[in-house]
Amino acid sequence: MPTVNTPQSQGELDNALLLLDDRDNCLVACRSIAANSVVDIDQQSVLIIYAIDLAHKAARKDIACGDKIVKYGAVIGSATLAIKRGEHIHLHNMQSDYLPTYIIPTRSEIEER
Amino acid sequence: MQAYLREDGSKGIRNSLLVVYLVECAHHVARGISQKFPDQDVQLIGFPGCYPNSYAQSLMESLVTHSNVGAVLLISLGCEGFNRYGLEKVISDSGRPVNTLVIQENHGTAQTMETGSQWVEKTLTQLAATATVSMSVNELIIGTICGGSDGTSGITANPGIGRAFDQFVAKGARCIFEETGELIGCEGIMSERAASAKVAKDIVQAVEKAAIYYDVLGHGSFAPGNADGGLTTQEEKSMGAYAKSGASNIDGVIYPAQIPKRTGLYLLDVVPDGEVRFGFPNIADSAEIIELISCGAHVVLFATGRGSVVGSAISPVIKVCANPQTYRNMCADMDVDAGRIIENRGTLDEVGQEIFDLVVGLGNGVQSKSEQMGHREYLLTYKYFSAGRACA
């Protein structure tokens with residue numbers, strides 16, 4: 001049984017996931033959300049399987065591979081995989097429609113090479 | 001607010017003396033002079049390159065005659081390409097005390113440092129007698145930038161600055177937002193706010209130019225820390241950055257070293273013209289801050305999520321922290337806790353008002369956090385703009 005970790009049960013926030021614009025298909029975490037938490041998305045309880053850090057994005061609904069990701073009511077890129085509602089949206093499943101995103105390897109990734 | 005009145009009629013909120021190296025070879029001597037006055041407002045700026053560059057010349061001319069600057073000491077090695085006497089004339093024509101020391105004509109390092117220090121000491125006494133006058137909000141020029149952005153920036157600090165900008169524009173100030181490379185993806189919605197069809201066209205052209213420039217360079221204005229903080233793409237970062245501009249009409253697109261003449265909101269186009277040359281347009285945030293200051297900014301509002309600590313030479317920087325975790329981690333560096341919005345400890349309007357009040361406070365002699373800690377970062381590199389653009 002996953003821990004029920006809704007904002008209401010924490011009693012400090014109205015929403016763990018913030019909707020910035022009605023047109024959006026993603027939400028923004030206003031606090032870090034632990035793995036296996038249940039949060040509220042559009043008045044429905046959704047299980048968050050993998051942790052989502054503060055300010056990272058979660059899918060508001062199921063998103064097909066190739067669909068545009070919409071935040072602030074604007075397109076911010078495209079899905080590169082199918083994304084389930086409540087799933088973390090980041091570099092592993094979406095990309096820019098303009099420019100590649102550059103990241104640096106962690107120390108452990110360097111050591112694995 | 002209380003301002004220092006310059007002979008050219010401009011009003012500054014600081015009364016700094018600049019020591020300026022005109023090539024990297026003169027940097028040590030200039031730094032040595034500036035460091036002899038740790039308790040006074042003596043600041044170091046310069047240009048590292050030996051080859052002349054019209055953009056660098058324009059930027060420097062604008063910086064040394066900034067309203068926050070009272071006097072200037074130029075340090076030249078002697079053989080570099082910078083037009084030192086042209087720069088000196090611009091300063092003397094503005095009514096500011098100026099002196100040029102050429103190291104090769106002053107028996108080298110030690111003698112130049114000695115002569116320079118004596119001039120600074122004498123000139124500081126003169127500067128202390130600068131007339132002060134009252135200054136109103138409608139005489140202010142305010143710039144904004146974001147750096148170390150994360151997923152909170154676009155929700156808290158940037159729109160908070162946007163609220164402050166709306167208030168400043170409504171009260172008659174001149175406000176400048178920038179970095180067209182960080183607005184890639186927003187050109188369509190941004191152009192809808194243009195005050196005229198021409199401005200709308202200028203906005204779209206400026207952003208398209210930036211997109212081409214960054215495409216050639218291989219990646220855009222997106223750092224690994226942005227991704228750690230939850231931002232995935234340039235467009236997403238852009239949308240957050242765009243929120244700094246508030247909701248006012250956009251009255252024009254300006255270029256580095258161009259001081260907006262009328263009240264309103266301006267987009268600063270920092271991406272060079274023509275084919276890609278000299279590398280990345282702005283190698284770090286400080287280069288953009290200096291460009292905002294070259295457009296006359298008395299103050300720069302800096303939104304940060306991951307936690308930047310920078311200030312700037314010439315004009316104070318107010319750090320608006322977007323992320324509540326970062327604020328708790330680095331509160332001594334942050335002027336505003338904008339992240340409180342996502343923890344339901346405040347509203348955007350409250351944050352906007354706090355920023356507004358802090359700017360007015362700077363005009364009454366209060367120092368920002370980065371000023372208190374001695375941050376006086378500065379960057380100026382090579383760029384190319386079409387003739388006339390960077391020299392308005």
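**Exercise 1. The nonpolar core**

Task: Find which residues touch the most other members of the largest nonpolar core, and where this core lies between domains.

Solution. Of the 140 residues in the largest nonpolar core, Val20(B), Ile75(B) and Val320(B) touch the most other members. A nonpolar core here is a set of buried Ala, Val, Leu, Ile, Met, Phe, Trp, Tyr and Cys residues joined through C-beta atoms within 7 Å. Buried means that 20 or more other C-beta atoms lie within 10 Å of a residue's own; exposed means 12 or fewer, and partly exposed is in between, with C-beta atoms placed from the backbone.

Next, look at the contributors. α7(B) gives the most to this core, with seven residues. Domain 1 (2-133) and domain 2 (137-372) of chain B both give residues, so the core lies between them. The domain bounds come from an automatic or database domain assignment. As background, nonpolar side chains tend to be buried together in soluble globular proteins.

Last, take one member. Val320(B) touches, among others, Ala157(B), Ile161(B), Leu301(B), Phe302(B) and Ile355(B), not counting residues up to four places away in sequence.

A note on the model: it is predicted, local features need pLDDT of at least 70, side-chain atom pairs count only at pLDDT 80 or more, and totals for chains, interfaces and linings use all residues. Residues are numbered from 1 along each chain as its sequence is written, while chains are lettered from A and ligands numbered from 1 in the order in which they are written.

**Exercise 2. Two domains of chain B**

Task: Work out how many residues of domain 1 of chain B are in contact with domain 2 of chain B, and which element gives the most.

Solution. Start with the separation. The centres of the two domains of chain B, taken over C-alpha atoms, are 28 Å apart. Then count contacts (C-beta atoms, placed from the backbone, within 7 Å). 16 residues of domain 1 of chain B are in contact with 14 residues of domain 2 of chain B.

On the domain 1 side, β1 (2-5), β2 (11-12), β4 (42-46) and α2 (54-64) of chain B each give two or more residues. Helices (H or I, at least four residues) and strands (E, at least two) are DSSP runs, numbered from the N terminus. α2(B) gives the most to this side, with four residues.

**Exercise 3. Helices α2 and α3 of chain B**

Task: Decide whether α2(B) is mostly covered or open, and where the buried residues of α3(B) sit.

Solution. Take α2(B) first. Nine of its eleven residues are buried, so to speak of α2(B) as mostly covered is right. Among them are Tyr55(B), Leu59(B), Met60(B) and Leu63(B). Their cover includes β3 (16-21), β4, β5 (69-76), α3 (84-93) and α10 (285-294) of chain B.

Now α3(B). Its buried residues are Arg84(B), Leu87(B) and Ile91(B). They span an arc of only 65° around the axis, so they lie on the same side of α3(B). The arc is that of the directions from the helix axis to the C-beta atoms. On the other side, Tyr85(B), Gly86(B) and Asp93(B) are exposed. The cover of the buried residues includes α2, β5 and β6 (98-102) of chain B. Just after α3(B), Gly95(B) takes a positive phi of about 90°.

**Exercise 4. Positive phi outside glycine**

Task: Place Glu179(B) and Phe278(B), and say whether each is buried or partly exposed.

Solution. Most residues other than glycine have a negative phi. Glu179(B) has a positive phi near 65°. It lies in the loop between β9 (174-178) and α6 (187-191) of chain B. Glu179(B) has 27 other C-beta atoms within 10 Å, so it is buried.

Phe278(B) also has a positive phi, of about 65°. Its loop runs between β11 (264-268) and α10 of chain B. Phe278(B) has 13 C-beta neighbours inside 10 Å, so it counts as partly exposed.

**Exercise 5. Where the chains meet**

Task: Find how many residues of chain B are in contact with chain A, and which element supplies the largest share.

Solution. 28 residues of chain B are in contact with 31 residues of chain A. The largest share of the chain B side, four residues, comes from α9(B).
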